[in-house]
Amino acid sequence: MRTSIATVSLSGSLTEKLTAASRAGFDGVEIFENDLLASPLTPEEIRARCADLGLSIDLYQPMRDIEAVPPEEFARNLRRAHHKFELMGRLGADTVLVCSSVSPLARDDDALAAAQLCQLADLAQGFGIRVAYEALAWGRHVNTYDHAWRIVEAAGHPALGTCLDSFHILARGSDPKDLEGIADIPGEKIFFLQLADAPLMAMDVLQWSRHYRCFPGQGGLDVTGLLRHVIAAGYQGPLSLEIFNDVFRQAEAGPTAIDAHRSLLVLQEAAGLAPLPAPVVPTGAAFVELVTVDAEPASALLGALGFARTARHRSKPVDLWQQGEARILVNLGPAARRHGTFLAAVGLESPDPAGAARRAEALLAPVLPRRRAPEDAPLDAVAAPDGTELFFVATVATVATVATVATNGMNRTNRAVAEVATGIANQPELPDWRADFVDVPHHDATPHGVTRIDHLALTQPWHEFDEAVLFHRGVLGLHAQECVDVADPYGLHRSRAVSNPDGSVRIALGVGAAPTDDGARAQHIALATDDVVATARAFRAAGGRLLTVPANYHDDLAAQYEFADGELETYRELGILYDRDAHGEFRHCYTDTVGRVFFELVQRDGGYRGYGARNAPVRLAAQHAVR
Ligand SMILES: O=C(O)c1ccc(O)c(O)c1
Ligand SMILES: [Mg+2]
């Protein structure tokens, strides 16, 4: 379907907003009156600019406090409307949005509202304009979609229809049954559809709408369900985003518009309107890549954690450090001069790397060159919103399967293998990232019990948090958990975890204060161990330093839980934190920070699902204290 976006959703001047909308692939815009009033361009120039950018002006909005008012007031409203309709003629816009009145002058009189809207529509019709009447959730007398529709129906004017806005409809928390009436509105009488999501919050609905709307898929409203009803009604107009959001108002318009368009692609897929290449959910973390200018601190830390430097890149100064199934690349790269040591890339194991990249590209993710150097294996990679490079790499099993199929035909493969092989039959050669690395002699440093990467925690730029969540959900097909807010002594840290079904890929996306030296966005790598006490002790014995946790924390633990003899003393000594949920237990501790990066050692038992959020305020305070 055609896509559109209200100019209020983007930051900048009207010209900047239009340019961003066009570049992101929108077909049209809603011109918000304030953007026009503040623009030095004449309506004719705006019209020409939109035409140059390939944008139609799908809606002019809003007109307020029009209906159900005393006659002398209504006469003034018609005069105002006359001016606006002339303006719309100059703009080349043929639909105007009228939102339900909030005026104290408005009467609770549907017949009067219908009669006056009918007169307004008559005037509009003379200009070739249609009036779309929308119920604001806080409208004085009209605040539900069905009430607005009853008035439109009663008015019975061909130039009068309704505008449905998912926020106003869903924010009232109505019973899903109440939405079924949407499908009964004749599709051609739904003149416009505005789409917005919002995080679930208990607050005044006007404030909620004006500050916290977000793109579909970023909040907690069932925008997909609503869209299905509107489509069932036969609506054929554009899908238009109308997002009032304090963060998007400040963020750069270009990336916000791309995020916006991505949300409509994911929404249309979910509503069964337009398919995308199917999500290829990653099945594991193959590696994490750190970039640093000085390998020494990172190497010392990895060595103390029990990692061994097992291989080196054939052509570049990149070392592979490994322990169990945890693999960390240390890259001596110039980028670190700007950022300090940072996590630059993640290798995600994928049953179909090319398919994963196709979906990412369809969802407007920047696709990175397949080879970073001519001799490198050609890997599919895209950039996440925060710039982290995501490599889709063949799972070890997939690479082996292709080799087996290639050499032995199908006779020795079982059915599961055959299925995977069919899925990748058109990829004769699945590049293996590991082939770029040559083994180096190493003393098998006694491993310290790290088995794999448990999760990554990546702090996002302040204005890209919602975008990051939608990206990881939509592009990678990961499931997003609820948002958690964590108190930081110098601010607030908000976190939302995304994961695959078996928990072998977990990323905690965060935003807010960061306990790093220059406030740079902290990134941490949590390493799984079956025995955090043993791993922590071995780390210490090898010269590693663990984050010190205040005694008050452990005193509080003693008040909450009963521990075996000596257990709590061990946790005090090593700075181990403890949490429990309905499924199991979590024990974890933290290393020093190098640049932006630190490590966490975690022991999950019994299917614990969280990330130790209740301990995060104590951990953040301790990290700030170290600085
Ligand atoms: O907040 C408002 O006033 C407002 C204006 C126009 C709309 O379409 C809307 O949904 C809200
Ligand atoms: Mg609206």
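Does D65 count as buried or exposed, going by its C-beta neighbours inside 10 Å? In this predicted model, D65 has 20 C-beta neighbours inside 10 Å, and since 20 or more is what it takes, D65 counts as buried. The residue sits in the loop between β3 and α4. Its backbone is worth a look too: D65 isn't a glycine, yet its phi is positive, at about 50°. Most residues other than glycine have a negative phi.

A second residue makes a handy partner for D65. L364 is also not a glycine, and its phi is positive as well, near 65°. This one is found in the loop between α14 (353–362) and β14 (380–383). With 19 C-beta neighbours inside 10 Å, L364 counts as partly exposed.

Now for the big picture. The protein chain has 627 residues, and 49% of them count as buried. Its secondary structure adds up to 21 helices and 24 strands. Taken along the principal axes, the C-alpha atoms fill a box of roughly 90 × 60 × 50 Å. Looking at contacts in the chain with a separation of 6 or more, 76% of them are between residues 24 or more positions apart.

Next comes the ligand. Which residues surround ligand 1? They are Q61, P62, L97, C99, E134, L136, D165, Q194, S209, R210 and E242. Three elements each give two or more residues to this shell: β3 (56–63), β4 (95–99) and α8 (205–212). Sorted by class, the shell has four nonpolar, three polar and four charged residues. Two of its members, Q61 and P62, are joined by a cis peptide bond, with omega at about -10°. Most peptide bonds are trans. P62 itself belongs to strand β3.

E242 of the ligand shell also turns up around A6. Leaving out residues up to four places away in sequence, A6 touches E30, F32, S240, L241 and E242. A6 is part of strand β1 (residues 3–6). Why does A6 count as buried? Because 25 other C-beta atoms lie within 10 Å of A6, and the cut-off for being buried is 20 or more. Sequence distance and distance in space can also be set side by side here: A6 and E464 are 458 residues apart along the chain, while their C-alpha atoms are 20 Å apart.

For contrast, take N34, which is in helix α2 (residues 33–37). N34 has 12 C-beta neighbours inside 10 Å, so it counts as exposed. From N34 to G139 is 105 residues along the chain, and the C-alpha atoms of the two are separated by 20 Å.

On to the helices. Helix α17 (residues 465–474) is mostly covered, with nine of its ten residues buried. The buried ones are F465, D466, E467, A468, V469, L470, F471, H472 and G474. They pack against α11 (253–270) as well as three strands, β18 (479–488), β19 (491–499) and β20 (506–512).

Two pairs of helices show how such elements can lie against each other. In one pair, helix α4 (residues 71–91) packs on helix α5 (residues 110–126) at an angle of about 30°, and their axes are 10 Å apart. Because of that angle, α4 is roughly parallel to α5. The crossing of these helices is right-handed. On the α4 side, F74, L78, A81, H82 and F85 meet Q116, Q119, L120, L123 and A124 of α5. This contact has seven nonpolar and three polar residues, with no charged ones. The spacing of the contact residues can be read with one rule in mind: an α-helix has 3.6 residues a turn, so residues three or four places apart point the same way.

In the other pair, helix α19 (residues 551–560) and helix α20 (residues 567–574) pack at an angle of about 160°, with axes 10 Å apart. That angle makes α19 roughly antiparallel to α20. The crossing of α19 and α20 is right-handed. Here A551, H554, L557 and A558 in α19 meet L568, Y571 and R572 in α20. By class, the residues of this contact split into five nonpolar, one polar and one charged.

Definitions and conventions
Residues are numbered from 1 along each chain as its sequence is written. Chains are lettered from A and ligands numbered from 1 in the order in which they are written. This is a predicted model: local features need pLDDT of at least 70, side-chain atom pairs count only at pLDDT 80 or more; totals for chains, interfaces and linings use all residues. A residue is near a molecule or strand if its C-beta atom, placed from the backbone, lies within 6 Å of it. Helices (H or I, at least four residues) and strands (E, at least two) are DSSP runs, numbered from the N terminus. Ala, Val, Leu, Ile, Met, Phe, Trp, Tyr, Cys and Pro count as nonpolar, Asp, Glu, Lys and Arg as charged, and the others, Gly among them, as polar. Two residues are in contact if their C-beta atoms, placed from the backbone, lie within 7 Å. Axes are lines fitted to C-alpha atoms, for helices over the stretch in contact, and angles run from 0 to 180 degrees between N-to-C directions. Angles under 35 degrees count as roughly parallel, over 145 as roughly antiparallel, 65 to 115 as roughly perpendicular and the rest as oblique. A crossing is left-handed if the near helix is turned anticlockwise from the far one by less than a right angle, and right-handed if clockwise.
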